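User: Could you walk me through this structure before I go back to the bench? I would like to start with how its parts are named and then look at packing and a few odd spots.

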Amino acid sequence: MELMLKYGCNPNQKPSRIFRQDGGELPVTVLNGRPGYINFLDALNSWQLVKELKAATGLPAAASFKHVSPAGAAVGVPMSPELQKSCFVDDLELSPLACAYARARGADRMSSYGDWVALSDECDAQTARLISREVSDGIIAPGYSAEALEILKTKRKGSYSVVQIDPEYVPAPVEHKDVFGITFEQGRNNAEIDESLLTNFVTDSKTFSAEAKRDLLVALITLKYTQSNSVCYAKDGQAIGVGAGQQSRIHCTRLAGSKADMWHLRQHPQVLSLPFRADIRRPDRDNTIDVYLSDDAEEVLADGVWQQFFTKCPAPLSREEKRRYLSGITGVSLGSDAFFPFGDNIERAHRSGVSYIAQPGGSIRDDHVIDTCNKYGIAMVFTGLRLFHH
């Protein structure tokens, strides 16, 4: 069995299809739309992520994927009123699965624009209604309620891609990939990520709360399906900052940290009370908030400009106030897909409220990294498990 696609990664790349080399049946069924090559890369990677999150935590899970890396991933933990408002879902009734997707989408709403959605459980109507309001390319799930499927089929003028996957499907233990006419072969990354990886404490602080363990599992499993190098900050059952595909680990840590800071700042009272015009769409609100919280706030606050977005000109949020607000953040968990080579990563993580770290260990400068953690009272474990993904 094969499924023909419109084209490959780019329109000039034809023919394009997905099939199994062993001739077996595909474990996916397209219920609506016509997914493309990148769509299926996102779908199959994101499905693995949410399936593992559900197995590790026992909670429904969701992911928001863009260009073969997660913009966000989360489990179904209830949301605070502030978080609901910052994610634009305070007017919706949310099931646990819908909470998971609202959190995943809300991790980095700018990057999630036009995302691919993955759900660990059957899509219910509440989750479908949430997805129907967002700009998204498609979804993969093990099933859909009749009402949810009808809702999703109306999205994008009826062209929204809806894929169902067999949750019992298990791929062959060896995988292949062709690059420049040469076939690569390797065993699949079947490493299980669970709490047994969170026991080898190397710092003076040697305890993780139950919430920290959950968040570290979210971070590590997210990293397993993120293009390397990668670092993930997590809190409250969700990724809040993913730094993907950077050549330098400190750049991963800075990128993910800036996204985590933005996630927190979106819940600042001054941001939640921004006087948006009623006709401003959610994507435009996201972009306006992003600029408002940047060092270029004048781009949306200047006279003659703010009128496009707001009913009255809001006061700027000063750099000092942002720093003060963020300085009160603690309890953030951090995962890295390979060892930290320098303590500067820990210094940067500390500025974003990191209290718990899980990383493979194995650097010749591990002692310096450990000393930096001890300086701030951060609890860190070495998992011994590298999670590079390409």
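Analyst: Helices, which are H or I runs of at least four residues, and strands, which are E runs of at least two, are DSSP runs numbered from the N terminus. Please keep in mind that this is a predicted model. With those names, Asp 91 is found in the loop between helix H2 (81-86) and H3.

User: Is Asp 91 buried or exposed?

Analyst: Asp 91 has a relative accessibility of 55%, and because exposed means over 50%, Asp 91 counts as exposed. Its C-alpha atom is separated by 51 Å from that of Thr 183, and these two residues are 92 apart along the chain.

User: And how do H3 and H4 pack, at what angle?

Analyst: H3 and helix H4 (residues 125-132) pack at an angle of about 25 degrees, and their axes are 7 Å apart. Angles under 35 degrees count as roughly parallel, and the two helices are therefore roughly parallel to each other. The crossing in which H3 passes H4 is right-handed.

User: Which residues make that contact?

Analyst: From H3 come Leu 97, Ala 98, Tyr 101 and Ala 102, and from H4 come Gln 126, Thr 127, Leu 130 and Ile 131. By class, the contact of H3 with H4 has six nonpolar residues, two polar ones and no charged ones.

User: Why do you call H4 largely enclosed?

Analyst: H4 is largely enclosed by the rest of the structure because six of its eight residues are buried. The buried residues in H4 are Ala 125, Gln 126, Thr 127, Ala 128, Leu 130 and Ile 131. Their cover includes H3, strand E6 (115-119), strand E7 (136-141) and helix H5 (146-153).

User: Switching to the nonpolar cores, which residues touch the most other members of the largest one?

Analyst: The largest nonpolar core has 69 residues, and Leu 119, Ile 139, Leu 152, Tyr 233 and Ile 357 are those that touch the most other members. Helix H3 (residues 96-106) gives the most to this core, contributing seven residues. Another core, of 45 residues, lies apart from it, and among its residues are Leu 26, Val 77, Ile 140 and Tyr 225.

User: What about H7 and H12, how far apart are their axes?

Analyst: The axes of helix H7 (residues 249-265) and helix H12 (residues 344-351) are 9 Å apart, and the two helices pack at an angle of about 0 degrees. That makes H7 roughly parallel to H12. Their contact has two nonpolar, four polar and five charged residues. Among the residues that meet there are Arg 249, Arg 254 and Asp 261 in H7 and Asp 344 and Arg 348 in H12.

User: Now the backbone, where are the cis peptide bonds?

Analyst: One cis peptide bond joins Lys 14 and Pro 15, with omega about 0 degrees, and Pro 15 is found in the loop between strand E1 (2-4) and strand E2 (17-19). Another joins Ser 228 and Asn 229, with omega about -15 degrees, and Asn 229 lies in the loop between helix H6 (210-224) and strand E11 (230-235).

User: Which residues have a positive phi although they are not glycine?

Analyst: Phe 180 has a positive phi of about 55 degrees, and Asp 236 also has a positive phi of about 55 degrees. Phe 180 is found in the loop between strand E9 (174-179) and strand E10 (182-187), and at 83% relative accessibility it counts as exposed. Asp 236 is found in the loop between E11 and strand E12 (238-244), and with a relative accessible area of 31% Asp 236 is partly exposed.

Methods:
Residues are numbered from 1 along each chain as its sequence is written. This is a predicted model: local features need pLDDT of at least 70, side-chain atom pairs count only at pLDDT 80 or more; totals for chains, interfaces and linings use all residues. Side-chain values use heavy atoms; hydrogens and water are left out. Axes are lines fitted to C-alpha atoms, for helices over the stretch in contact, and angles run from 0 to 180 degrees between N-to-C directions. Angles under 35 degrees count as roughly parallel, over 145 as roughly antiparallel, 65 to 115 as roughly perpendicular and the rest as oblique. Contact means heavy atoms within 4.5 Å. Ala, Val, Leu, Ile, Met, Phe, Trp, Tyr, Cys and Pro count as nonpolar, Asp, Glu, Lys and Arg as charged, and the others, Gly among them, as polar. A nonpolar core is a set of buried Ala, Val, Leu, Ile, Met, Phe, Trp, Tyr and Cys residues joined through side-chain atoms within 4.5 Å. Buried means under 20% relative accessible area, exposed over 50%, partly exposed in between (1.4 Å probe, protein chains only). A crossing is left-handed if the near helix is turned anticlockwise from the far one by less than a right angle, and right-handed if clockwise.
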